[in-house]
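Colleague: Please give me a close look at one part, the helix packing, and then place it in its surroundings. Give the cut-offs as you go.

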Amino acid sequence: MFEQREKIATNIRKGVLEYCVLGSLSSGDKYGLELAEQLTELNLTAGEGSLYPLLARMKAAGLVETQWHEGGTGRKRKYYSITAHGHQMLNEFRAVWTEIAGQVEQILGGQNGEGN
Amino acid sequence: MAKVIETPSVEEYLRELNHLLRHVPVQLRHELVADIAEHIDEGREQGRSDREIVTALGNAESVAAPVLEEVLLRGAAPTMKRNRRVLGIVAIVTGLFAAIVSRSSDSTVINMTFGPTEMQGASINYGYSDIFAASQLLIFISLGLMVAASAVMRPRIARSYSVAAAVVMTVVVIICGTGLGMFFVPSMVAAWLLAGVNNLKMGADQRDRRSRTVRIVGGIALLLPSSLAVAGILSGSVLGVGPYIFVALGLACSVGYLKSFRFAQWLACITGGLLMVMAIIDQGMLMAAFWLGGIMYFFFGLYGLLWFSDRRAVSTTVLQ
C-alpha cells in the first residue's frame, strides 16, 4: 500500500517540482542548499542532488538566473532568483493548479469519497 | 554473495557523477559537478557529515539521469533525425558513385595494381573475371555503407562509430592517393559530417559558433573558383560565355551564402553536384579541379541547408 502511495506521489511531484522552485524563489533569492533543504523538508523532492539539473534547465529556459553573493560565512555563494518570465510561468501554474485541483476534487467527490 | 551497499565518499561521488555525465556538453557537465561540489562544501560548513550529505543527495545515477535523457532527446529531435538521415543518404550515394567511378576508371585501377595489367579491354571489367570485378566493386561499395551505417545507429554508439568510420575513410583517401583517392573524398567529407551530427556533446551555442565559422569560410571559399575564372577571362585564356556564367554563379553563391540565404545554399549544392558530374563525363584536363571544386560547392551548400536552418528552428522552439 505504502509503495503505491509513494509511486503516485512521486509522479505528481515530478510535474510540480519546477513550479515549487519558482514559488520558493518568488519569496526571496536562495542558494542551492537552502532551496534543497526547504524542498526536502516539504518532501517535494526525494534527492537533493536532482535539484541541480532542474535548476540548470530552468536557467537555460530563462525562468531563473544566478548571481554570486557573499553569504554569512564570507564565502561566495551562487544565489538563484526568479526572472520576470519565471513569475509569469508561476502565475500560469497557479491558475492551472487551482483549476485542476478543483476538478479532481469534484470527480473524487470531496474528502470522504463516494466510491471505493 | 550478499550485496553490500556502502555510501561512497564525497570524492567518489563527484568522480562518479563526472563520469556519468561524459556524454553531456562540457559546459553543462562542469557546471553541474561544480554545483554539487558547492552543495557539499556548504553542507560541511553547516556541520553535516559527509555521509549525511551524500545520502541526502541521492545516488549519482538519479542526478545524472534527467540530464542524459535530455541530451538523448535532443539527439532524437526532428532536425537531428533529419540531418542524420540526409547525411546517411549522401554517404550511400557518394559511396556508390565512388565505387562505380573507381571501378570503371581504367588507368587508376591499373595504377592501384588491382589486377593484371595485360588484361585491358573495352568492357567495364577490362577482361578481369566477373568474380574479381564484382568483389572489387563490393569492397568499394562497402566503404560507403560503412559510413552510412551510423545514421541508423543508437546515438551513443553512433558517436564513436562514426568517428572511426571517418578516420578509416581518411586513411583510404590517403592510401589511394591522388588518382583513386580523389573519388572517395565525398565519402570522407560525408563521414566527417556524420561524426559531427552524432556528437551530442556539442551544445547549441557551440553549433551556432561553428555554423558562423563555416558560413564565413564557405562564403570566401565559394568565391575562389570564380576568381580563377575572372583571371582566365582577363588573361584571355578562356573563351565563350561559360566563364561569365560561372563567375555570376560563384558570386551569387558566395554572397548569398554569407548572408545565409536559403537559395544560395541550394544553388551551391546543385552547382557542386553538376560540377562533379561534369568532371566525370568530361574527363578533361581540369577534371580534378572540377571534381574537387564540385565537392566543395556541394558540401558547403549541404552544411548550410542542414545547420543554418537548424538555428532558426532552435530559436523558435525556445520561444514557444
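Modeller: Two helix directions count as roughly parallel under 35 degrees, roughly antiparallel over 145, roughly perpendicular from 65 to 115, and oblique otherwise. This is a predicted model, in which local features need pLDDT of at least 70 and side-chain atom pairs count only at pLDDT 80 or more, while totals for chains, interfaces and linings use all residues. Residues are numbered from 1 along each chain as its sequence is written, chains are lettered from A and ligands numbered from 1 in the order in which they are written.

Start in chain B with helix α10 (residues 204–235) and helix α11 (residues 242–258). Helices and strands are DSSP runs numbered from the N terminus (H or I over at least four residues, E over at least two). The axes of α10(B) and α11(B) come within 8 Å and cross at roughly 165 degrees. Axes are lines fitted to C-alpha atoms, for helices over the stretch in contact, with angles from 0 to 180 degrees between N-to-C directions. α10(B) and α11(B) are therefore roughly antiparallel to each other.

Which residues of α10(B) and α11(B) meet? From α10(B) they include R215(B), G218(B), G219(B), L222(B) and L223(B). Further along α10(B), A229(B), V230(B) and I233(B) are among them. On the α11(B) side, P243(B), F246(B), V247(B), G250(B) and L251(B) are among the residues that take part. Contact here means C-beta atoms, placed from the backbone, within 7 Å. By class, the α10(B)–α11(B) contact has 13 nonpolar, six polar and one charged residues. (Ala, Val, Leu, Ile, Met, Phe, Trp, Tyr, Cys and Pro count as nonpolar, Asp, Glu, Lys and Arg as charged, the others, Gly among them, as polar.)

Now follow α11(B) to its next partner. The axes of α11(B) and helix α12 (residues 262–282) of chain B come within 8 Å and cross at roughly 135 degrees. α11(B) and α12(B) are therefore oblique to each other. From α11(B), L249(B), A252(B), C253(B), G256(B) and Y257(B) meet α12(B). Their counterparts in α12(B) are F263(B), A264(B), Q265(B), L267(B), A268(B) and T271(B). C253(B) and Y257(B) of α11(B) take part in the contacts with both α10(B) and α12(B). The α11(B)–α12(B) contact has eight nonpolar, three polar and no charged residues.

Next, the contact between the chains. Chain B gives 17 residues and chain A gives 14 residues. On the chain B side, α2 (26–45), α3 (50–57) and α4 (60–75) each give two or more residues. α2(B) supplies the largest share, ten residues. The chain B side divides into eight nonpolar, four polar and five charged residues.

Chain A adds a helix packed on a sheet. Three strands form an open sheet in the order β1-β3-β2, with antiparallel pairing. β1 (30–31) and β2 (64–70) of chain A stand at the edges with a single partner strand each, so one side of each is left without a neighbour in the sheet. Helix α3 (residues 51–60) of chain A packs on the sheet and touches β2(A) and β3(A). The direction of α3(A) makes about 110 degrees with that of β2(A). β2(A) and β3(A) (residues 76–82) pair over seven bridges; pairing needs at least two bridges found by DSSP. β1(A) and β3(A) pair over two bridges. W68(A) has K78(A) as its bridge partner in β3(A). Y80(A) in β3(A) stands opposite K30(A) and also opposite T66(A).

Finally, confidence. The model scores ipTM 0.86 and pTM 0.67. Chain A averages a pLDDT (the predictor's confidence in each residue, from 0 to 100) of 88, with 91% of residues scoring at least 70. Chain B has a mean of 81, and 85% of its residues reach 70 or more. Over residues 106–115 of chain B the pLDDT is below 50, and this stretch has 15 contacts beyond near neighbours in sequence. Residues 119–123 of chain B also stay under 50, with seven contacts beyond four places in sequence.

How values were computed: Contact = placed C-beta atoms within 7 Å.
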